[in-house]
Amino acid sequence: MSFLEKIRKNTWILFMFIGIALLSFILDPNILFKFFTRNSNIIGQVNGENISIKEYVDCFQFLKRFRQDEPDFYLKNEAWNLLINEKLLNQQALKLGLQITNKDFWNAISKQSIYSYISEFQDSNGNLDMNKFQLYLKKLEKKTIVTNSQIEEEKNIWSYEKNNIPKRILAKKYIEMLMYGLNTSSVEAELNYKEKNSFSIVDYIFIPYSEIEHKYNIYLEDSEIKNYIKKHKFLYKKEDLRSLSFAIIRSKPSLEDEKDMENKMNKLFQKFKYTNQNSIFVSKQSEKSFDSNFYLKKNLPIFLQNFIIQKNKNGSMFGPLKVGNTYIIAKIIGKKMISDSVLSSHILISHKNAIRSSNQRTEKKAEEISKKIYNILKKDPSKFDSLVQEKSDDTVNDKNNKGSLGWLKYEEQNSFGTFNIFNEENKNGTIGLTKTEYGYHILRIDKKSPIESAYQFAVIIKTLIPSKKTENFISNNVRKFIIKNKNSNLNTFIKNARNKEYETIFLKNVRYNQWIISDLNTELDREIINWSFENKRKERDIKIIYNSNRDCIIVYLSKIQKRVFPIEKIKNNLTIFLRKKKIEKLLYNIIEKKSIYKNLEKIAFYFSKKIKKNYKINFSDSIINNYKEPKVVGYSFSLKLKNTSKPIFGKNGIFFIKPLKNIYNYKKPSYFSYEIEVLNSFLRKKILESLAKKLINNSKIKDYRTNF
């Protein structure tokens, strides 16, 4: 069985390592818009550090692959939160100067990577055999020309692991440092052990409440409920609620609008075809700005991949293509040869203004040092490795990996300032000097993948929107609908909206302090809620509101619930409570009158119940009569042995118990190491949850997802 098949067989393994799935563009206008936009690969920031669209989509697609039953919006939020937490933990680790050694990396590969679960890579003890694994990597690296999808996927998995394991190591080191000294005491462990391993053996009888009610005809008057509510008003106050329903009229272009747009796009196509000022033309005509980037075939949307197979010369035109309400015209305006992957090394000279730098030298001084090193290497490139050890400020990569930055991918836009390592003219062995936000880099290209064609496109994107004529037609229909339904009840309003084939959302209760109306989920939700809680509002009020897409939302206020004492609605719950009170009073009277107090046999005989013998219970698992009954467990350990309890009022009935024996499993303090670990795990989980909230609250997090 192949390596990939083994991974697929163990999908639970994959779930531990989010993000293996590759970024793929689908025929979706929203992705197309961003594909041809500057900074299209940035979807958010955490304290100035970017979150790329690739990271986000990888994470979301992976979650969706294995949790298909869960809604997209939930998985998107989970992917976002996972990335935020990862960035925050890594940032904190770097601030504290935590570093990753080569030993850390390979130790994590052997214990935390997906490879450690594959039997072919394991030794006789089930551990990762590094010799076998290193041999596999050498074979994989030799396959520089990818001939099939399996090898490509294996390379991508290794690339993902290699890039992400350092993040996991840093996060783990930071957490371990925080947790150092955070331990459960042996006293707590002993108490926890006793709760699980101390048992009480009891005889008991159980009498359901329903049986008592039926036998003694316990009845509750309405007046009793009302009187109780009056005495306990503070318990039954209810917050204001508004019941809202909605009719939604989507702003859709008419057939006439669509014809007009097609004519305009065809004319635009002809003008675009013969212009030489492509970037200016795009800037004037397209909804999205000109993108000067070059893209490899595999990173293009599928329809453009097919297009360049047929036509790949400069000036070749594509379109107009209609996707939903989006029209696209594309022209090839540039072509060059690049390497998709580059293995490179660097010497970093940082300064006090650089990101993640603790170096206090000035920027000017850093520039002088880097130029001296660059001039030395131009004359004698063989000195590169020794200068890495002597001069580089990148202590993680350079000191342990001889300055290697690993294989950098063109699609991830890993270029260094003005030195484009992917371009054809920069061959193996080329050394360049460049500046980035991290400082000055003396870069050496160690190895490049075979060159491929990359294409530059001028793209015009336009959205078909309803014309003024169509909008007026929709508005007139809405006005007529409002006039007709001005004083209609809710059922009539919804029925008439559905007859018009409007979308409807029926009866949503909203509170004043909420921000989102479920199922509606628009940027106007809060505005609608504010309107519904205005003092002048009355039931059957109607509001017309337009969202950013020019969809018309008709809001119908069906009910206003003020702060009241809703006797009818609380009656059921209160009835159960008050009946229990009556049963309690009745039971004590019976026990005293019949002289059966604290005698289990007499109580069982009087109520015609069989005594259940030798039942075993404890605090950890307080199940008795199919329900958790902690009160019963408490009584069983606190009563004197062979004594019968007073009535214990449980969830569904009354218990009488007689403890026969208490079993205490005492152990020496040294025994509680396992208990300490269990409690430590729980304690650390709670601390990490609190830490995550604190870090998020104190961080500058920018979320650009709404733009996608």
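Which residues are linked with E49 and K167 in a network of salt bridges? The views below, all drawn from a predicted model, begin with the whole chain and come to that network in Figure 4.

**Figure 1. The whole chain contains 24 helices and 21 strands.** Of its 708 residues, 42% count as buried. The chain exposes about 40600 Å², and carbon and sulfur atoms supply 50% of that area. Contacts between residues at least 6 apart in sequence are often made over longer stretches of chain: 70% of them join residues at least 24 apart.

**Figure 2. The largest nonpolar core has 40 residues.** I51, I109, Y115, F121, F133, Y136 and W158 are the residues with the most contacts inside this core. Several elements each supply at least two of its residues: strand β1 (42-46) and the helices α4 (53-66), α5 (72-95), α6 (102-112), α7 (130-142), α8 (149-179) and α24 (673-697). A second core, separate from this one, has 18 residues, including I205, I207, A604 and F607.

**Figure 3. Strands β1 and β2 form a hairpin.** The two strands run antiparallel and are joined by four bridges, with β2 covering residues 49-52. I42 stands opposite S52 of β2. Two residues lie between the strands, and in this hairpin N47 takes a positive phi near 50°.

**Figure 4. A network of salt bridges links E49, E55, E86, K87 and K167.** This answers the opening question: E55, E86 and K87 are linked with E49 and K167. Side chains of opposite charge can pair when their charged atoms come close. One pair in the network is K167 with E55, whose closest N and O atoms are 3.9 Å apart. K167 lies in helix α8 and E55 in helix α4, so this pair ties together parts that are 112 residues apart in sequence. How is each partner placed with respect to the surface, buried or exposed or in between? K167 counts as partly exposed because its relative accessibility is 25%. E55 counts as buried because its value is 18%, and buried means under 20%.

**Figure 5. K173 and D104 form a salt bridge.** The closest N and O atoms of K173 and D104 are 2.6 Å apart. K173 lies in helix α8 and D104 in helix α6, so the pair ties together parts 69 residues apart in sequence. Both residues are partly exposed: K173 has a relative accessible area of 24%, and D104 has a relative accessibility of 22%. By the rule used here, the count of salt bridges comes to 26.

**Figure 6. K435 and E363 meet through their side chains in a salt bridge.** The N to O distance is 2.6 Å. K435 lies in strand β10 (residues 431-436) and E363 in helix α15 (residues 363-379), so a strand and a helix are tied together by residues 72 apart in sequence. K435 counts as partly exposed at 44% relative accessibility. E363 is also partly exposed, with a relative accessible area of 25%.

**Figure 7. L96, M177 and L178 make a nonpolar surface patch.** The area of this patch is about 250 Å². L96 is found in the loop between α5 and α6. Why does L96 count as partly exposed? Its relative accessibility is 47%, and partly exposed covers values between 20% and 50%.

**Figure 8. S558 is found in strand β15 (residues 552-561).** S558 counts as buried because its relative accessibility is 16%. Which residues is S558 in contact with, leaving aside its neighbours within four places in sequence? They are S243, L244, L490, L507 and E539.

**Figure 9. Y274 has its place in helix α12 (residues 255-274).** Is Y274 buried or exposed? Y274 counts as exposed because its relative accessibility is 60%, and exposed means over 50%. Y274 and G315 are 41 residues apart along the chain, and their C-alpha atoms are separated by 8.8 Å.

Definitions and conventions:
Residues are numbered from 1 along each chain as its sequence is written. This is a predicted model: local features need pLDDT of at least 70, side-chain atom pairs count only at pLDDT 80 or more; totals for chains, interfaces and linings use all residues. Side-chain values use heavy atoms; hydrogens and water are left out. A nonpolar core is a set of buried Ala, Val, Leu, Ile, Met, Phe, Trp, Tyr and Cys residues joined through side-chain atoms within 4.5 Å. Buried means under 20% relative accessible area, exposed over 50%, partly exposed in between (1.4 Å probe, protein chains only). Patches are made of residues with over 30% relative accessible area and no salt bridge: like charges are joined within 9 Å, nonpolar side chains (Val, Leu, Ile, Met, Phe, Trp, Tyr) within 5 Å. Accessible areas come from the Shrake-Rupley method with a 1.4 Å probe; for residues, only the protein chains shown count as cover. A salt bridge is a side-chain nitrogen of Lys or Arg within 4 Å of a carboxyl oxygen of Asp or Glu. Two strands pair if DSSP finds at least two bridges between them. Contact means heavy atoms within 4.5 Å.
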